[in-house]
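Dear colleague,

I am writing to hand over the structure that we agreed to share. Please find it below, together with its sequence; my notes follow.

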Amino acid sequence: MKQPDIPQIDLIILAGSVLRPNFNWPKFLLKLPCRRVINDCGVNDNVLLLSQFGVLLTGMAGRVGFYGFTGNDIVNRFFVGGHGHYFASSRHDQNCFMRTYWLPSIVSGALPHLVDQRPPFGIFGGMTNAAVRFSDPLKLLFYGALVWFAYDSFYRQPRLELIAEQMSRTIAVAATAMENPDQAPTSFQSAMQVLQAGSRARKQDLEVAEDIARYSGQRLGTFGEAMKEIDVDGLFRWTATSYLATKPPLRLPGSPAWSVRVAGGSRVVLIDPDATISVMDIAAKRVVSRRKIAKEGEGTIMGDIAALSLSASTGTVGLEFVVERINDDDNSHYAISIDTTTGVLTVNDGGDTPISLASSADCTSFQRATRPPDDDDDLSAEQLKVRQDRIREESENSTRCITRAVVIGAQTLTFPKRLPESQNWTLTRLPALQAPAPENQSAPCADLSASVDFPHRVAHDAASLDFSKASATDLDKEIIQNRFFDPESGAENGCYVEFTGSSGKSYALTYGLAGTWWVTYLICEKLETRVIGRCATPEFAWNGSGRSDLSPDGKFITVASFGSDSAAAWNITDLSTMSSVSPAPSEFGYISAIAFSPDSSRVFVAGPAPGMQGIVKIGAYEVGRAVTMRASRLIEPSGQPRPADPNGADPLAEVKIFGCGEICVLATPYGDVIGFEMSASDPIWQPLADLSHELGISEEATQGIVLDWLSNPLGFSATPIMKFSYEPDGKRLLAYDGDRVRLIETKTGHMLMPAGEPFVNQGCGSLQSAMLVGAGAVVATTNSCRAERSAPPELEGLKLVGDNTRSPTAVDSELGGLPGATDVDVQNEPIEESHSDSVAK
């Protein structure tokens, strides 16, 4: 309302007011004059606590009064009562309060009767008063948190989840593209996009993206290397855009397809397919003049373009070309003289008659060449002679002054630049070596060392061991000693293996014959350097073909081999108690791979499925007082397995299990590589089931083996000759056969390099071994050669810009330009032009 329209108010009475106690009455009364304000408060008005602590921009002045602005104009009165006590009846008079406290001031303007029925504050009252004063910022904080919660729950988190899902799909595209060497740019660009997303992408996607970016970037040349194939200051095209190969490249207007460099200067003539001609100053990075020559109804340039230069005027350029006429059998012929210094174009239009340029006598300018006479010309003998003399003179001048050349079209830039896989390999011929002298080591000793799949030392000092304290459940001291050393003959039984368990304690492992074909292991603790203590005898391993593995915590050792109806295929020994336990005998016929989980609580085994050709059986066992199988699964081969050789070994005897950190990796000689893990059969109720199991209320929840990924095939022939090398940190797995080698990323099972053939056509023979070294480098050897694939560049080295970048960024692509390219300046001033359509006689 306007100031004159504001009514004069004499009295304001507030009861149970929701205004804030610090309401600015002086400012309010300046806008709305009032003689007196009476604020009646109920000291027990608990309803106002909700407005004070829960509603923005409100308070409880109707309970505690107004602060700081009271006096004759503003009066606080305090009554014992709640939010509706003002209207409570007293002695059967429902209007008692209003009659007593409000009517006198309203009717007669009497001064308000002051009332203060507040009890003493006390500690609680002081705390309440302090809380009231801090309630406004607390309300702002609460509502701000509420708004943030709503924003985060209903917008931000869904958006972040959507972005994370998009990044997961992007990295899946990048990983899939790694299968095809020609799609290395797609892999690199997609992986870099995920890395640029940073924390918005999932941790696993970022880890995979880093590997893919490094290995795909290794297969791409830099922008500087790609530009070396383009002539300096030459015209080239990239993604339908024309550039000049300067530093940095210049993006040109239009779509020039030909160029003519002016000798001795920084000018260049550019020709578009639609016969638009531009004169450009390279040093100034600007277009001096630009003009379309073709007329309406004419199309693009046909055939070759002739470029002419004058011996006495290097700044003048001549062009001769033909332009197609749309919907016409004839074509248009043009001859153009260009002064590149001024940018002036002189156009000679020959219509459907061929036309050319001739030189002036002083070799400084072009002129339209005289047309030879034809049958349609009605010339006298004298006129004919004059024309022939002119043509002869022009021909002599042109021969003396003009140099002709065919204009070369724009080069094509190949960027990103794909590098052949062979470029990442370095081949070295090995010198011929004499065969090493055979070691004086028995076959059983060599077999024993080969069967131990953990760090150990081969010892030959069994004769100096002290067996006085040796003991075992089913062996006496003499038998234990005979396994290590024969006291009668003084001969050692080959060797024993020494290894370190938990708490740095040392152990000795050996084996000996227990019948004609059976071999049994013997594991003993070493009380001192030479003193043998308690021993354990794991169940028999047939024909000395056992495999043993040590748990990560050094508390358990497994022995795996053949099984039977009466003997399990593997067992586990607790090194703290020197006791061995085994699973049920008939679960596996042969164990070819065994691995512990990182916490040593589970053992994963794999081997050929009995009676099923080419099929692998996986088993997961819980380690405790008893060895219990928790889950098993059969894995079928990706290709048709080769028929088993009755006289040969089963190829699946070479199955391997690696890692078993976040996931386990199973690799078979048939080329199948699989990532798997244990998972609850009902993940929703798994936490409750785990708690129930810990409390002893129920058995452990049912779990199963879940396949995370399957790499199939690896690009090798489906023959059981595959071998594998596992990186110590478990991030990568190397697969190889007699010819090829390939690297696999173990989080998702995607390939990091194409199938490399470093020795093909090199006269090196078949590949014998391969391994991962350093930060991703690969070393492969034959009997006469060594090949090394260099480690991929680190991620920081791939983020460089300019000449060192390996792929255009998304911003470059959106702008349609190369990395770092700049636009030329187009001069808009009118250029003086001359045009000639007449035919020289």
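The notes below describe two sheets and the pairing of strands within them.

Please bear in mind throughout that this is a predicted model.

The first sheet is open and consists of four strands, in the order β21-β47-β46-β45, paired in the antiparallel sense. Its edges are formed by β21 (425-429) and β45 (769-773), each of which pairs on one side only. From one strand to the next, the twist averages 20°. Within this sheet, β45 is joined to strand β46 (residues 777-781) by five bridges, and the two run antiparallel. You may wish to display one facing pair of residues here: serine 769 lies opposite threonine 781 in β46.

The second sheet is likewise open, with four strands in the order β34-β35-β36-β37 and antiparallel pairing. Which strands stand at its edges? They are β34 (593-596) and β37 (628-635); each has a single partner strand, so one side of each is left without a neighbour in the sheet. The twist in this second sheet averages 15° from one strand to the next.

Between those edges, strand β35 (residues 602-608) and strand β36 (residues 616-622) form an antiparallel pair over seven bridges. A facing pair can be located here as well: valine 603 is opposite tyrosine 621 in β36.

For viewing, the pairs serine 769 with threonine 781 and valine 603 with tyrosine 621 may serve as reference points.

Yours sincerely

Methods
Residues numbered from 1 in each chain as written. Predicted model: local features only at pLDDT ≥ 70, side-chain atom pairs only at ≥ 80, totals over all residues. Heavy atoms only, no water. Pairing = 2+ DSSP bridges. Axes fitted to C-alpha atoms, helices over the stretch in contact; angles between N-to-C directions.
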